[in-house]
Structure formats: C-alpha cells, structure tokens
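Biologist: I'm new to reading models like this one. Please zoom in on just one part for me, the way its strands pair up, and talk me through it slowly.

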Amino acid sequence: MWEKETIKKVLINQEEIRQRCVELGAEITRDYKGKKPLVVALLRGSVPFLAELIKNIDLNLQYDFMDVSSYEGTESIGDIRIIKDLDSSIKGKSIILVEDIVDTGRTIKTVVETLMNKGATSVQVVTLLDKPSRRVVDVTPDYIGFKIGNEFVVGFGMDFNQDYRCLPYIGVLKDECYQIEE
Ligand code: 5GP
Ligand code: MG
Ligand code: MG
C-alpha cells in the first residue's frame, strides 16, 4: 500500500461508504419515483461517489459533468468559476447535483443557482461528506453521506494537490504532509 506512510487515520472505510450508498440510493429511488432525473456530478472529486451511488438508484437516469474551480492546497479561494459546463440543455429537468464534500457551501450554492437560472425544474444536492461547522453561506445538502468535523480529508475522489483521489477509503493525512516541499 503506497500511501500507508502518509495516512494518519482512516476516517470512513470502504464498506461504510458502500453501505451508505445503498441507503442513499434507496432514498433517492423513492423520492424520484416516476421521474427521470439528470444527475450532474462535479469533477473531479465526485466521480467515485457517483459510480457507487448510481448502482443503487433504480431509475432511468442520465448523468453529465461540470467542472468548477475549487481548492488550491487546503484553502478555499471563495471565487467559483465554471471550467467545464454541461453538454446538454437542462430546461425542465429535475437535477441531482453530486458533490464529494460540502465545506463553506460556496460551490454548491453557486452551482445550484446557476442550474436554476438555466431553467432546471428542481436541483437537489447529494454529497458524500458534509462539514457543517465550516459553512459560510446558508445551504443544506438534501442527501448527506456522512457529517464530519473540521478536518481535511483525502481519498475516494478527494485530493491533496491531485494525489490520493484513488484511495478506496476516506482518510486524514499526517501533519508533515502539509509541510511545503523544497
Ligand atoms: P466549498 O465551496 O463548499 O467550500 O468547497 C467545496 C470543495 O472544496 C469540495 O468539492 C472539495 O473539492 C474541496 N474540499 C473541501 N473540503 C475538503 C477536504 O476536506 N478535502 C478535500 N480533498 N477537498 C475538500
Ligand atoms: Mg468537489
Ligand atoms: Mg480539490
């Protein structure tokens, strides 16, 4: 395991993620019965979560991707830009926005507003992780995998300077990993 030297602890393991996605998928299936939602996933962090989640949603859904600017290192820049927009029209669509983690809330607030302005009928947010104590704008995700404390996490899609996304679990890095490399 190449990462073992750098991971301080495993916060949420693979089986816990898998099980929670079964529950979330069942909830979404129930809530969207008879509808054909468009699932919009935010690149790149939400990709493993999207893949695990949609296996458990029993609906004729479609999915598409958006990329918006996010963190450099561990600091939020607060200014959200669209880097890659959706490929298809969303007029009249019921959208499920998939995010890896909601922190300050700025990203999902901006993206939800953007999608509603483009004519979506509804936008609900499903996030794997939520850090409610870090919120600076007033948003609450509709579906939450796990609430966590004020800790920077990596794995299952989430990165530190683009590394660690491929880990099958969610973990916390050792403090020395944040020291600037020469
Ligand atoms: P927000 O706009 O809510 O402040 O930030 C959301 C984005 O910041 C997430 O989609 C994610 O890319 C990044 N982010 C926030 N907290 C963490 C964290 O603990 N670990 C990682 N890897 N990214 C985070
Ligand atoms: Mg993200
Ligand atoms: Mg990031």
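Modeller: Let's start with the key word: two strands pair if DSSP finds at least two bridges between them. The strands themselves, and the helices, are DSSP runs (E of at least two residues for a strand, H or I of at least four for a helix), numbered from the N terminus. Keep in mind that this is a predicted model, where local features need pLDDT of at least 70, side-chain atom pairs count only at pLDDT 80 or more, and totals for chains, interfaces and linings use all residues. Residues count from 1 along each chain as its sequence is written, while chains are lettered from A and ligands numbered from 1 in the order in which they are written.

Now for the whole chain: it has 3 helices and 8 strands, and reading along the sequence gives β-α-β-α-β-β-β-α-β-β-β.

The part you asked about is an open sheet of 6 strands, in the order S4-S3-S2-S5-S6-S7, and its pairing is mixed. At the edges sit strand S4 (82-84) and strand S7 (143-147), each pairing on one side only. Going from one strand to the next, the twist averages 30 degrees.

Let's zoom in further. Strand S2 (residues 38-43) and S5 run parallel, joined by 4 bridges. Take Val40 as an example: its bridge partner in S5 is Leu97.

Helices pack on this sheet too. Helix H1 (residues 14-31) touches S5, strand S6 (122-130) and S7, where a contact means C-beta atoms, placed from the backbone, within 7 Å. The direction of H1 makes about 160 degrees with that of S7; axes here are lines fitted to C-alpha atoms, for helices over the stretch in contact, and angles run from 0 to 180 degrees between N-to-C directions. H3 also packs on the sheet, touching S2, strand S3 (62-68), S5 and S6, with a direction about 165 degrees from that of S5.

S5 turns up again around ligand 1. Strand S5 (94-102) and helix H3 (106-117) each supply at least two residues of the shell, and S5 gives the most, with 4. In total, 18 residues surround ligand 1, counting those whose C-beta atom, placed from the backbone, lies within 6 Å of it. The closest are Asp103, Thr104, Arg106, Thr107 and Met158. By type, the shell splits into 7 nonpolar, 6 polar and 5 charged residues.

Conventions
Nonpolar A, V, L, I, M, F, W, Y, C, P; charged D, E, K, R; others polar. Contact = placed C-beta atoms within 7 Å.
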